[in-house]
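Keep the sequence and the 3D view side by side as you read. We will go from sheets to helices, and then to the empty spaces between them.

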Amino acid sequence: MKYCSTRDGAVRATAAEAIARGISPDGGLYVPTALPRLTPARIEELASMPYAARAAAVLGEFLGDFTADEVRECTDAAYATGRFRHQDVAPLTELSEGEHILELWHGPTCAFKDMALQILPHLMRVSAAKTGDGKEIVILVATSGDTGKAALEGFRDAKGTRILVFYPEDGVSPMQKLQMATQEGENVAVCAIRGNFDDAQTGVKQIFTDAAIGETLAANGMQFSSANSINWGRLAPQIVYYVSAYCDLLKAGTIRMGDPVNVAVPTGNFGNILAAYYAREMGLPINKLICASNRNRVLTDFLTTGVYDRNRAFYTTTSPSMDILISSNLERLLYHLSGNDDAVIRTLMTQLNEQGRYTVPDDLLARVRDLFWAGCCDDEAAAATIREKFDAHHYLLDTHTAVAVKVYGDYRRETGDTTPTVIASTANPYKFSASVLEALNGDTAGLDEFQKVEALHALTAHEVPAPLADLKGKAVRFKDVCDRDKAAMRAVVFGMLNVAE
């Protein structure tokens, strides 16, 4: 298995090189030059395995320069060591006929990012050993809330690495901010920026691709890599849980081998739903990919019109992990659907950088619309969905999953499609206690974050995960805030690394 860049198809990298680097030097994203196939017989075989074994089987196809033992070591360390609070790691819960919630938040930070970021440090360690340059890896992360904490926890005190996370000062929930600000570990650092997630992501990408900064790091025995989903090592493990969900539906007798399913995903950066696309292209019988956006509906507009335009108002919503206007992983999809035409991607990404918008050709839009259905949901509709599902099923949704459930309902009403559907549930509701409590008409006036958690528990009797409950009274370690421009963020990076600019 080899990897190329979305902006230069002639680039070739091994899996270890793609994971260790994180992003191609030309600014493009690494993608596999070919996809492995999942035959019906192979899917049936996977259905009889536990999650860690399924992960080893699927990821082994993408990690061509890893030995089978190395792959199993990574997957066992991530998924078979009790790091997840549910024995199935990513269990399915059926809400109503055909509506299956894929719970991806049973890991140590209570968000779906754990599914990839519990294994990425192990993949990174093996990759660094294979690339053989001996440099310390500096993980640079921009987060809209969940990636930051999951990456910090995954890389905490990992040998040969340091990690620095940037997050929007006013763009994450109080619980998300507390999770990052109290992070333990000798190799971690966190800094807020005066801006939104797109500002943080843009700054990180600019630092990544600045040759002078790279040379300075190299002179000090360091190199950058990423824990964002621009890194293939972050994205590939997400393919596994869609394969696993299909296996679980087979095992339960809900579907028969070959029966199609739909997948609905709440997404801002497009990585989570792109993983489902890859699973489909590998042969998993996925019928429709349902893309759910919040009020920042840049993906909904693009997937329906072919015009990507970030020149619009930015809204802070009750689903902050989706408050994104620049969806990095869309570049990968467009590369594949354009027939791997790197010239098209260079043109589109240049237009996005210089003009803030681009329009894809009609034939490319037709291919996109054949695969995807898109909808959006505002805060009020998400709150109503939380209330409706709790009243009907005593099931508690977080604000992001509620967006996907609402959009899936819209899709089903509009199309009449009753195909069994897997809905990605991306966070435990207690990460957004205030919004969920308000959705259930609970009183939040005068309550601090942990009093809101207690009030939500009293109202619903749903268990508070220990990783969140244990934050109460924990010392805050990181309080720094910087401006959103590249120079200010670069200064923070060099300061953390004790490197002279």
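Two strands pair if DSSP finds at least two bridges between them. Keep that rule in mind for this predicted model. Start with tyrosine 3, which stands opposite alanine 13 in β2. Strand β1 covers residues 3–5, and 2 bridges join β1 to β2. The two strands run antiparallel.

These strands belong to an open sheet. The sheet has 3 strands, in the order β2-β1-β3, with antiparallel pairing. β2 (8–13) and β3 (30–32) stand at the edges. Each has a single partner strand, so one side of each is left without a neighbour in the sheet. On average, neighbouring strands here are turned by 40° against each other, direction ignored. A helix also lies across this sheet. α14 lies across β1, β2 and β3, and runs at about 45° to β3.

Now find another open sheet. In general, strands of a sheet pair through backbone hydrogen bonds, either parallel or antiparallel. How is the sheet of 5 strands paired, and in what order do the strands come? The pairing is parallel, and the order is β9-β6-β7-β8-β16. The edge strands are β9 (222–226) and β16 (481–483), and each pairs on one side only. Neighbouring strands of this sheet are turned by 30° against each other on average, direction ignored.

Look at one pair inside this sheet. β7 spans residues 161–168 and β8 spans residues 188–194. They run parallel, and 6 bridges join them. One bridge is easy to find: leucine 164 has alanine 189 in β8 as its partner.

Helices pack here too. Helix α9 (residues 197–208) packs on the sheet and touches β6, β7, β8 and β9. The direction of α9 makes about 150° with that of β6. α7 lies across β6 (136–142), β7 and β8. Against β7, α7 runs at about 165°.

Next, see how helices meet each other. Take α13 (residues 298–305) and α16 (residues 362–371). Their axes come within 8 Å and cross at roughly 115°. From α13, the contact uses Phe302, Leu303, Thr304 and Thr305. From α16, it uses Leu365, Val368 and Arg369. By class, this contact of α13 with α16 has 4 nonpolar, 2 polar and 1 charged residues.

Rings can meet as well. The structure holds 13 aromatic pairs. One of them is formed by tyrosine 51 and tyrosine 79. Their ring centres are 5.1 Å apart and their planes stand at 75°, so the pair is edge-to-face. An angle over 60 degrees is what counts as edge-to-face. The pair links distant parts of the chain. Tyrosine 51 is in helix α3 (residues 51–62), tyrosine 79 is in helix α4 (residues 68–79), and 28 residues separate them.

Now turn to the empty spaces. How many cavities of 30 Å³ or more does a search of the whole structure find? It finds 4. The largest cavity has a volume of about 250 Å³. Its lining has 25 residues, and Phe112, Lys113, Gly268, Asn269 and Ser321 lie nearest its centre. α7 (146–155), α11 (232–251) and α12 (271–281) each supply at least two residues of that lining. So α7 returns here: the helix that lies across β6, β7 and β8 also helps to line the largest cavity. By class, the lining of the largest cavity has 8 nonpolar, 14 polar and 3 charged residues.

The second largest cavity has a volume of about 50 Å³. Which residues line the second largest cavity? They are Tyr242, Ala245, Tyr246, Leu249, Val261, Val263, Leu284, Ile286 and Val422. The largest share, 4 residues, comes from α11. β10 (261–266) supplies at least two residues. This lining divides into 9 nonpolar, no polar and no charged residues.

Finish with the largest pocket. About 540 Å³ of space lies in it. The lining of the largest pocket has 22 residues, and Arg7, Lys205, Met349, Leu352 and Asn353 lie nearest the centre. α9, α14 (330–337) and α15 (342–355) each supply at least two lining residues. α15 gives the largest share, with 5 residues. The lining of the largest pocket divides into 8 nonpolar, 9 polar and 5 charged residues.

Methods. Residues are numbered from 1 along each chain as its sequence is written. This is a predicted model: local features need pLDDT of at least 70, side-chain atom pairs count only at pLDDT 80 or more; totals for chains, interfaces and linings use all residues. Side-chain values use heavy atoms; hydrogens and water are left out. On a 1 Å grid over the protein atoms alone, a cavity is a set of points where a 1.4 Å probe fits but cannot get out, and a pocket is an open set with protein on both sides within 12 Å along at least five of seven lines; lining residues have an atom within 4 Å of a point. Grid points are joined across faces, edges and corners, and a volume is the space filled by probe spheres set on the points. Ala, Val, Leu, Ile, Met, Phe, Trp, Tyr, Cys and Pro count as nonpolar, Asp, Glu, Lys and Arg as charged, and the others, Gly among them, as polar. Axes are lines fitted to C-alpha atoms, for helices over the stretch in contact, and angles run from 0 to 180 degrees between N-to-C directions. Contact means heavy atoms within 4.5 Å. Rings of Phe, Tyr and Trp (its six-membered ring) pair if their centres lie within 6.5 Å; planes under 30 degrees apart count as stacked, over 60 as edge-to-face and the rest as tilted.
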